[in-house]
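Good morning, and thank you for coming. I would like to take you through one protein model, beginning with a pair of charged residues and ending with the whole chain.

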Amino acid sequence: MASADLLRREEEFYSSLFDSAKGDGVGLRSQLIERKIEALEDMATKVSNRRSRRWLNDRLLIELVPRLHVEEIKGLFAPPPWGEELPLSAFCRTSVGEWDAFRSIDMDAEARLMQRMKSSSEKQRTHMDEDELVALNSWRRIDRQTREAIKRNFLPDLLEIYEERVRTFIEDTNDKDVLVLNIQDPFQRLLLHGVCEFYNVTSTTMTSVRDGKPWKTTTIKKRQGTGVPSRITLVSFLRMKKNGSL
């Protein structure tokens with residue numbers, strides 16, 4: 001073990017260190033710490049007992065570590081469960097009566113509620129699947145060249161104008177069998193034919209002469225199999241395909 005003289009010197013250094021912390025300056029305290037470290041190193045070289053040497057080494061390591069403030073010590077034990085308080089869960093914020101009602105719900109009532117929710121979700125999904133299938137079949141009705149042109153140069157505003165005219169024509173109950181549009185731009189006329197194919201109506205473009213210039217007239221007629229327009233419009237279908245919804 002360490003000799004009584006070594007222990008006495010250790011005690012004197014500790015007492016001088018603590019006394020200096022009460023009134024002396026920071027510079028003097030740092031000097032005392034350096035002297036204490038030097039004394040501990042000197043004592044460590046003079047003892048041969050392994051336990052005593054370990055004790056002195058522990059004291060040396062303690063002096064090498066700076067003293068921590070309260071906030072620094074608190075930070076060692078953060079995050080929770082030691083440091084700052086845990087946020088309240090949703091169950092803790094719920095009043096006791098509401099939580100008890102949820103916890104004590106009848107199992108049969110819970111099963112019926114879950115079954116109704118599942119059935120409603122399946123019906124909605126099935127209804128949506130049917131609409132998507134109708135729109136997909138309508139899209140496939142358009143020839144490949146027109147489909148590529150529509151996707152390559154997507155003009156939703158113009159397509160919506162054509163769709164509104166064609167859908168209104170299909171839904172018209174006044175026995176109006178012909179819709180005539182005068183579209184002179186070749187690409188816009190191609191888009192119109194694509195919209196007509198999507199809604200299963202015929203479209204034919206004829207050329208005449210007006211004021212000495214060619215004049216294009218597109219005649220749109222209902223087919224025998226033309227039915228109620230698709231719930232999903234052509235523009236909505238293309239946007240769904242672009243977003244990966246289909």
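Let us begin with a salt bridge between Asp131 and Arg231, in which the closest N and O atoms are 3.7 Å apart. Because Asp131 belongs to helix α7 and Arg231 to the loop between β3 and α11, this pair ties together parts that are 100 residues apart in sequence. Please keep in mind that the model is predicted.

Is Asp131 buried or exposed? With a relative accessibility of 12%, Asp131 counts as buried, because the cut-off for that word is under 20%. Its partner, Arg231, counts as exposed, at 62%. Leaving aside residues up to four places away in sequence, Asp131 touches Ser230, Arg231 and Ile232.

How many salt bridges are there in total? The count comes to 3. Another of them joins Lys151 to Glu148, again with 3.7 Å between the closest N and O atoms. Here the two residues are 3 apart in helix α8, residues 144-152, and so they are separated by about one helical turn. Both ends are partly exposed: Lys151 has a relative accessibility of 44%, and Glu148 has 35%.

A further salt bridge links Arg239 with Glu160, the closest N and O atoms being 3.9 Å apart. Arg239 lies in helix α11 and Glu160 in helix α9, so parts 79 residues apart in sequence are tied together by this pair. Arg239 is partly exposed, at 40%, as is Glu160, at 36%.

That pair leads us to the packing of these helices. In general, two packed helices are described by the angle between their axes and the distance between the axes. For helix α9, residues 156-171, and helix α11, residues 234-243, the axes come within 9 Å and cross at roughly 145°. On the α9 side, the contact is made by Pro156, Leu159, Glu160 and Glu163; on the α11 side, by Leu234, Val235, Leu238 and Arg239. Of these residues, 5 are nonpolar, 3 are charged and none is polar.

We turn now to the loops. Which residue between α10 and β2 has a positive phi without being a glycine? It is Asn200, with a phi of about 60°, placed in the loop between α10 (186-198) and β2 (201-210). Asn200 counts as buried, at 16% relative accessibility. Asp211 also has a positive phi, about 55°, although it is not a glycine. Asp211 sits in the loop between β2 and β3 and counts as exposed, at 75%.

Strand β2 itself contains Met206, which is exposed, with a relative accessible area of 52%. Not counting residues up to four places away in sequence, Met206 touches Trp215, Lys216 and Thr217.

Staying with the surface, we return to helix α7, residues 107-141, where Met114 is found. Together with Leu113 and Met117, Met114 makes a nonpolar surface patch of about 300 Å².

Finally, let us consider the whole protein. There are 11 helices and 3 strands. Of the 246 residues, 26% count as buried. The exposed area is about 17,900 Å², and carbon and sulfur atoms supply 54% of it. Among contacts between residues at least 6 apart in sequence, 66% join residues at least 24 apart. The salt bridge with which we began, between Asp131 and Arg231, joins parts 100 residues apart. Thank you for your attention.

Notes: Residues numbered from 1 in each chain as written. Predicted model: local features only at pLDDT ≥ 70, side-chain atom pairs only at ≥ 80, totals over all residues. Heavy atoms only, no water. Patch = residues over 30% accessible without salt bridge, like charges linked within 9 Å, V, L, I, M, F, W, Y side chains within 5 Å. Areas by Shrake-Rupley, 256 points an atom, 1.4 Å probe, with all protein chains shown as cover. Salt bridge = Lys/Arg side-chain N within 4 Å of Asp/Glu carboxyl O. Helix = DSSP H or I, 4+ residues; strand = E, 2+ residues; numbered from the N terminus. Axes fitted to C-alpha atoms, helices over the stretch in contact; angles between N-to-C directions. Contact = heavy atoms within 4.5 Å. Nonpolar A, V, L, I, M, F, W, Y, C, P; charged D, E, K, R; others polar. Buried < 20%, exposed > 50% of the residue type's maximum accessible area, 1.4 Å probe, protein only.
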